[in-house]
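Colleague: I've got the sequence and the model open, and I'd like to know what stands behind the labels. Can we go through them one by one?

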Amino acid sequence: MKKIALTALLLACASPLALALDAVAARQDIDRFLDGKYPGLDRLYKDLHQHPELGFQEYRTAKVLADAMRKLGFTVTEKVGKTGIVAIYRNGAGPTVMVRSELDALPMQEKTGLPYASTQKTKDQDGRETFVAHSCGHDLHMASWVGTAATLVSLKDKWKGTLMFVAQPAEEELSGARSMVDDALFSKFGKPDYAFALHTAPMEYGYLTYKAGPQTSNGDSFALVFKGKGGHGSMPERTIDPIVIGARFVTDVQSLVSREVPPNRFGVVSVGAFNAGTVGNIIPDEAVLLGTVRTYDPGVRTQLLNGIRRIALASAQAANAPAPDISIGTSQADAVLNDAALTDRTAKVFKSAFGDKAIQAQEPSPASEDFSVFVEHGIPSLYFMIGVFSSTQLKDWAARGQPVPGNHSPFFAPVPEPSIRTGVTAMSLAVMNVMQP
Ligand SMILES: [Zn+2]
Ligand SMILES: [Zn+2]
């Protein structure tokens with residue numbers, strides 16, 4: 001026992017680099033493996049792209065991924081948190097490392113004109129028919145996820161520990177991670193020591209971005225029902241007009257960020273839906289407003305949510321109307337916070353494998369992500385972005401003064417190779433780096 005303790009002490013005193021991954025050699029191993037494996041990943045990507053499914057309806061997608069992971073030797077459990085899957089691969093004593101992908105697509109029409117563009121239609125959760133498309137790049141994340149699993153299995157003599165590959169449903173609704181955690185994800189499969197996720201971003205392929213601290217925002221939603229008194233449009237004095245109340249709220253709520261939040265703090269309040277009335281000459285009796293709130297700082301978050309409530313009540317009171325129905329935070333995710341030590345440790349490997357130039361500074365995104373729901377119980381995690389467009393495409397769009405068609409655009413068309421290769425390489429390096437024997 002003593003001898004072991006002494007060896008451990010000596011190792012701990014040695015340069016930490018002695019235990020670090022040789023990223024350049026590992027990248028060469030990964031590249032060699034991917035040269036043979038890439039065509040299969042390309043086929044998988046295009047198949048997933050042509051068969052997108054909405055949140056909690058990802059039956060085919062989950063099956064395709066579960067089959068692929070079983071073929072690699074993972075033990076796969078399906079239907080975790082409705083349609084999520086968990087794939088475990090044990091390779092000796094060492095840390096448990098989680099790698100997350102999303103399964104879901106968006107209710108929108110793809111307009112990329114790609115030969116493998118989605119033409120699929122489906123029914124959303126309210127039974128309405130809608131087009132469906134992978135316009136957030138989750139198909140590319142899935143191909144990278146399977147590719148990373150295959151790479152790690154092929155290089156299993158170079159790391160030790162347990163891989164926990166998690167594919168979650170319904171990321172776009174910010175509810176799939178919660179549904180997996182509530183389905184006893186961590187008590188059934190163990191709590192990982194580290195967790196990683198990647199996301200496509202509208203920048204040049206071969207480039208990566210990440211940063212310690214907030215990477216995405218706290219995302220909260222609100223729904224307000226302003227109650228008035230309906231009547232004839234020609235006799236407003238006999239009514240209480242909920243459209244005027246709602247309009248007052250929309251205008252006044254903008255002053256929350258501009259007048260109450262310090263200018264160097266991030267906050268967004270947007271009203272995305274305002275529904276009231278049927279025709280021009282009837283004052284309706286109610287107006288329904290839906291909105292979203294994004295923040296990084298918990299104090300600003302509370303301030304904005306309280307402010308929305310206060311301004312909604314005041315808008316109604318000013319019109320002598322009954323108090324509105326206010327519901328806040330029906331779909332929420334906390335900001336994804338990258339662990340400083342893990343970010344630093346992974347950055348060293350990314351820089352030596354890809355070169356300093358390929359790493360771009362990253363501002364936190366105002367978008368939200370429910371990866372935070374997995375890691376909020378003290379799991380050190382890193383969420384990073386990979387680019388998906390060629391420099392020529394980016395220059396062309398800039399020269400024509402066109403915005404880059406990024407995630408959620410109907411024209412979002414990532415270039416599969418080398419974007420998937422970058423995803424696989426970066427994720428494999430990040431994982432192997434924390435699983436050095
Ligand atoms: Zn998205
Ligand atoms: Zn996404």
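Modeller: Sure. Let's start with contacts: two residues are in contact if their C-beta atoms, placed from the backbone, lie within 7 Å. And keep in mind that this is a predicted model.

Colleague: With that cut-off, what share of the contacts in the protein with a separation of 6 or more comes from residues 24 or more positions apart?

Modeller: Such residues account for 82% of them.

Colleague: What makes the protein as compact as a globular protein of its length? And what else describes the overall fold?

Modeller: On secondary structure, there are 12 helices and 18 strands. The radius of gyration is 24 Å, and the globule rule gives 22 Å for 437 residues; the two values are close, so the protein is as compact as a globular protein of that length. Along the principal axes, the C-alpha atoms fill a box of roughly 90 × 55 × 45 Å.

Colleague: Why does Val 434 count as buried?

Modeller: The cut-off is 20 or more other C-beta atoms within 10 Å. Val 434 has 21 C-beta neighbours inside that distance, so it counts as buried. It sits in the segment after helix H12 (416–433), and it touches Pro 95, Val 97 and Tyr 194, leaving out residues up to four places away in sequence. Across the protein, buried residues make up 43% of the 437.

Colleague: Which residues have the most contacts inside the largest nonpolar core?

Modeller: That core has 79 residues, and the ones with the most contacts inside it are Val 97, Val 146, Phe 165, Phe 196, Ala 426, Leu 429 and Val 431. Val 431 touches Val 97, Val 99, Thr 148, Leu 152 and Phe 196, again not counting residues up to four places away in sequence. Apart from the largest core lies another one, of 20 residues, including Leu 224, Ala 287, Leu 305 and Ile 311.

Colleague: Now the sheet with the order E12-E14-E10-E15. Why is one side of strand E12 and of strand E15 left without a neighbour?

Modeller: It's an open sheet of four strands with antiparallel pairing. E12 (267–276) and E15 (325–328) stand at the edges with a single partner strand each, so one side of each has no neighbour in the sheet. Neighbouring strands are turned by 15 degrees against each other on average, direction ignored.

Colleague: How do you know that E10 and E14 pair?

Modeller: Pairing takes at least two bridges. Strands E10 (residues 218–227) and E14 (residues 286–295) are joined by 10 and run antiparallel, so they pair by that definition. Phe 226, for one, stands opposite Ala 287 in E14. Helix H7 (residues 242–260) lies across E10, E12 and E14, at about 170 degrees to E12.

Note on methods
Residues are numbered from 1 along each chain as its sequence is written. Chains are lettered from A and ligands numbered from 1 in the order in which they are written. This is a predicted model: local features need pLDDT of at least 70, side-chain atom pairs count only at pLDDT 80 or more; totals for chains, interfaces and linings use all residues. Helices (H or I, at least four residues) and strands (E, at least two) are DSSP runs, numbered from the N terminus. Axes are lines fitted to C-alpha atoms, for helices over the stretch in contact, and angles run from 0 to 180 degrees between N-to-C directions. The radius of gyration is taken over C-alpha atoms; the globule rule is 2.2 Å times the number of residues to the power 0.38. A residue is buried if 20 or more other C-beta atoms lie within 10 Å of its own, exposed if 12 or fewer, and partly exposed in between; C-beta atoms are placed from the backbone. A nonpolar core is a set of buried Ala, Val, Leu, Ile, Met, Phe, Trp, Tyr and Cys residues joined through C-beta atoms within 7 Å.
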